[in-house]
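Please open the model in your viewer and keep a selection tool at hand. The tour below moves from one residue outward to the core, the pocket, the cavity and the confidence values.

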Amino acid sequence: MNPLLATLGTKLTERWLNLLVLPGALFLAVAAGGVTLGHRRWNDLDRLRTVLDGLAARPAMDRTGTVVLLVAGSLLAASAASLVAQFLGGLIEQYWLRFARDPLSHALVEWRRRRWRRRDDALRAAFPAAGPVTAADGDAVTVPPRIHARIHVLSEARDRVALREPTRPNWYGDRMQATADRVEAAYGVDLAALWPRLWLILPEPAVRQIQSARSSFAAAARLAAWAAGYAVLGCWWWPAALIAVGCAAVARFRVRDALGALAELIEAAVDVHALELATRVGLSGPDAEGLLPRRTGDRMSEVFRKAE
């Protein structure tokens, strides 16, 4: 039992250091240095060294108790800063996935919808430009490579706005909405009602993959929160604004990948395990195979919503 407790303690300590102490300590160090230097003397390392030497030369720093309290206070302050970043990251997640409920959000939806329609019209116009297609083996057809490449480019350009016509203020919310719409279109089941029940029967490998993608999404939101914090520090020390821009750019890149992977894994879990769930709740026979029938999906939605 002792080795197990030691291993758990080591992992918890490592996680505490990586998630709380190190990011918060870095932020506090930048904040202290930036406030000390200011805008005019932003790169005056001699001034920073002088301030640090002055602090170290104080008589109280020779006392062990003072040093211990200082280290403990620094660790607590770093942890508190990281907890604030986690809280803000949760708010940022909700903001990214929000519905349009205010005039600005509705305006964003309309702007994105116009962009999506223009790109969709360009994509549709590219198909007649391909001209007559030639039959290959069986029912397969061939398209000239140049036209095929143009269609691929136009399709990617449209999907960068949204996979389907936008209904939310940004790409992130539309990506998750597209997953729900595709599941409902294919199986007739409400993903919001289905998912909590499906999660209970997923095998461990699938759970780990989905949790990993979810954690990556949360980490990107926390990084965006740190970007906001460094942007505030830019009011006292302008290089912090450059750090904020870098954090925001990395967060934006990571969140698209993480959310795209999460949406794909959720949809894949429905494809693979929805029929198993229908069998377990008695809505499908034990010998059923393949994908979930739409009639069964409609019935699952009724049961899971507790519809009368």
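Select Trp 195 first and show its surroundings: leaving aside neighbours within four places in sequence, Trp 195 is in contact (heavy atoms within 4.5 Å) with Leu 202, Ile 210, Ile 266 and Ala 269. This is a predicted model, in which local features need pLDDT of at least 70 and side-chain atom pairs count only at pLDDT 80 or more, while totals for chains, interfaces and linings use all residues. Residues are numbered from 1 along each chain as its sequence is written, and side-chain values use heavy atoms, with hydrogens and water left out.

Next, add Trp 96, Leu 194, Leu 198, Tyr 230, Val 270 and Met 300, which together with Trp 195 touch the most other members of the largest nonpolar core, a set of 52 residues. Such a core joins buried Ala, Val, Leu, Ile, Met, Phe, Trp, Tyr and Cys residues through side-chain atoms within 4.5 Å, where buried means under 20% relative accessible area with a 1.4 Å probe, protein chains only. Among the helices (DSSP runs of H or I, at least four residues, numbered from the N terminus) that each supply at least two residues of this core are helix 3 (64-96), helix 7 (191-199) and helix 10 (294-304). Helix 9 gives the most, with 15 residues. Then select Leu 123, Ala 126, Ile 147 and Leu 154, which are included in a second, separate core of five residues.

Now select Met 176, Leu 191, Trp 195, Leu 262 and Ile 266, which, of the 18 lining residues, lie nearest the centre of the largest pocket. A pocket is, on a 1 Å grid over the protein atoms alone, an open set of points with protein on both sides within 12 Å along at least five of seven lines; a cavity is a set where a 1.4 Å probe fits but cannot get out, and lining residues have an atom within 4 Å of a point. The space in this pocket is about 450 Å³, and helix 6, helix 7, helix 8 and helix 9 each give two or more residues to its lining.

For the largest cavity, of about 30 Å³, select Val 30, Ala 31, Gly 34, Val 35, Leu 233, Trp 236, Trp 237 and Ala 240. Helix 1 (residues 2-37) gives the most to this lining, with four residues.

Finally, colour by pLDDT, the predictor's confidence in each residue from 0 to 100: the chain mean is 83, and helix 8 has the highest mean, at 94. Over residues 4-9 the pLDDT is below 50. Where pLDDT is low, the predicted coordinates should not be read in detail.

Methods:
Grid points are joined across faces, edges and corners, and a volume is the space filled by probe spheres set on the points. Buried means under 20% relative accessible area, exposed over 50%, partly exposed in between (1.4 Å probe, protein chains only).
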